[in-house]
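This report describes the aromatic rings and one helix of a protein model. Please look at the sequence and the structure first.

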Amino acid sequence: MKKIEAVIKPFKLDEVREALSDVGVTGLTVTEVKGFGRQKGHTELYRGAEYVVDFLPKIKIEIVVADETVELAIEAIIKAARTGKIGDGKIFVSPVEQVVRIRTGEANEAAI
């Protein structure tokens, strides 16, 4: 099993959720986060005063999938989240040792 964490632009969330659903991902966790990469933030104007926004709003999606589904999920995220512009995001994949469904006690693949 693998945990996939994707940091994407907020307006791409619905497209990514639908794409993941289409490849068989049954659940995900979404968190509103802030951060920056190569963009280094930007400046905005508010009531005539210019100020720097260092951390940009992003969405972090976390899913746990079976090993055979990892590539399909990654491709779905890339296809749905890509705009071709800087700040499209990143995908991180890490191993998961164990998953337990609290309600039933099911473990690992059965708990996904």
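The structure holds one aromatic pair (rings of Phe, Tyr and Trp, the last by its six-membered ring, with centres within 6.5 Å). Phe36 and Phe55 form this pair, at 5.6 Å centre to centre and 55° between the planes. That angle makes the pair tilted, since planes under 30 degrees apart count as stacked, over 60 as edge-to-face and the rest as tilted. The two residues are 19 apart in the chain, and the pair links distant parts of it.

The model is predicted: local features need pLDDT of at least 70, side-chain atom pairs count only at pLDDT 80 or more, and totals for chains, interfaces and linings use all residues. Residues are numbered from 1 along each chain as its sequence is written, and side-chain values use heavy atoms, leaving out hydrogens and water.

The table uses relative accessible area (buried under 20%, exposed over 50%, partly exposed in between; 1.4 Å probe, protein chains only). Helices (H or I, at least four residues) and strands (E, at least two) are DSSP runs, numbered from the N terminus.

| Residue | Loop between | Relative accessible area |
|---|---|---|
| Phe11 | S1 and H1 | 57%, exposed |
| Phe36 | S2 and S3 | 46%, partly exposed |
| Phe55 | S4 and S5 | 47%, partly exposed |

Phe11 and Phe36 lie 17 Å apart, C-alpha to C-alpha.

Helix H2 covers residues 70–81. Its buried residues are Val70, Ala73, Ile74, Ala76, Ile77, Ala80 and Ala81. Seen down the axis of H2, these fall within an arc of 160° (taken from the directions from the axis to the C-beta atoms), so they line one face. The face of H2 turned away from the buried side carries the exposed residues Glu71 and Lys79.

Methods. Expected span 1.5 Å × (residues − 1).
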